[in-house]
Amino acid sequence: MDIDAWVWWLIGAVGLGIPLVLTAMPEFGMFAVGAVAASAVAALGGGIVAQVLVFVLVSIALIAVVRPIAARHRAGQAGHASGIDALKGRQAVVLEQVSASGGRIKLAGEVWSARTLDSDQVFDPGSQVDVVDIDGATAVVM
């Protein structure tokens, strides 16, 4: 049984796709794409040197281009806060006197119940406060 070179390259691409799925390492996918490109060269009649050269060049090009883009994308998402995490660190305006026992503030266009971080602090209406935490439906301010 004589199998053409392009079939071997496709078998290699599938073989590289398996660890991609199992380990979630995108580099294996880039190598698999290189193997598919080498398979195309083999199907078009290119020699073994051309096949290996295309495999190496496509794989390296994908790693050089895709990995930095993926790293920037991952780094950009890490700093994106949502929900109550997006409210921490923001400033609010006191609507009703805020003390350790409670009060009301306007935070992000909404009225929130609030309490102070330190039991000795008291903020009068109109004061600017910083939100340091959200405890349930209550903003903790200072």
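**Reading a two-part model**

Q: At 43% relative accessibility, how does Ala108 count?
A: Ala108 counts as partly exposed, because its relative accessibility is 43% (buried is under 20%, exposed over 50%, partly exposed in between; 1.4 Å probe, protein chains only). The model is predicted, so local features need pLDDT of at least 70 and side-chain atom pairs pLDDT 80 or more, while totals for chains, interfaces and linings use all residues. Numbering starts from 1 along each chain as its sequence is written, and side-chain values use heavy atoms, without hydrogens or water.

Q: Where does Ala108 lie, and what is its phi?
A: Most residues other than glycine have a negative phi. Ala108 has a positive phi, near 55°. Ala108 sits in the loop between strand 2 and strand 3 (strands are DSSP E runs of at least two residues, helices H or I runs of at least four, numbered from the N terminus).

Q: Which loop holds Ala24, and is Ala24 buried or exposed?
A: Ala24 belongs to the loop between helix 1 and helix 2. Ala24 is exposed, because its relative accessibility is 63%. Its phi is positive too, about 60°, although Ala24 is not a glycine.

Q: How do helix 1 and helix 2 cross?
A: Two packed helices are described by the angle and the distance between their axes. Here helix 1 spans residues 5-23 and helix 2 residues 26-43. Their axes come within 8 Å and cross at roughly 170° (axes are lines fitted to C-alpha atoms over the stretch in contact, with angles from 0 to 180 degrees between N-to-C directions). The pair is therefore roughly antiparallel (over 145 degrees; under 35 is roughly parallel, 65 to 115 roughly perpendicular, the rest oblique).

Q: Which residues make the contact?
A: Helix 1 offers, among them, Trp6, Trp9, Leu10 and Leu16. Helix 2 offers residues including Phe28, Phe31, Ala35 and Ala42. Contact means heavy atoms within 4.5 Å. By class, this contact has 17 nonpolar, five polar and no charged residues (nonpolar: Ala, Val, Leu, Ile, Met, Phe, Trp, Tyr, Cys and Pro; charged: Asp, Glu, Lys and Arg; polar: the others, Gly among them).

Q: What does UniProt place at residues 7-25 and 31-64?
A: The unreviewed entry gives "transmembrane region" for both spans (positions follow the numbering used here, feature names are shortened, and annotations may be inferred rather than shown by experiment). In the model, residues 7-25 are 89% helix and 0% strand, with end C-alpha atoms 24 Å apart. Residues 31-64 are 88% helix and 0% strand, and their end C-alpha atoms are 12 Å apart.

Q: What covers residues 85-141?
A: The unreviewed UniProt entry annotates "domain: NfeD-like C-terminal" there. The span is 0% helix and 60% strand, and its end C-alpha atoms lie 14 Å apart.

Q: Which residues touch the most other members of the largest nonpolar core?
A: They are Ile105, Leu107, Val131, Ala139 and Val141, in a core of 14 residues (a set of buried Ala, Val, Leu, Ile, Met, Phe, Trp, Tyr and Cys residues joined through side-chain atoms within 4.5 Å). Strand 1 (91-99), strand 2 (102-107), strand 3 (110-116), strand 4 (128-135) and strand 5 (138-141) each supply at least two residues of this core. A second, separate core has seven residues, including Trp9, Ala32, Ala42 and Phe55.

Q: Are Ala92 and Ser99 buried or exposed?
A: Ala92, in strand 1, is buried, because its relative accessible area is 2%. Beyond four places in sequence, Ala92 contacts residues including Ile105, Leu107, Val129 and Val131. Ala92 and Ser82 are 10 residues apart in sequence and 17 Å apart in space, C-alpha to C-alpha. Ser99 is also in strand 1. Ser99 counts as buried, because its relative accessibility is 17%. Outside four places in sequence, Ser99 contacts Ala114, Arg115, Thr116, Gln121 and Val122.
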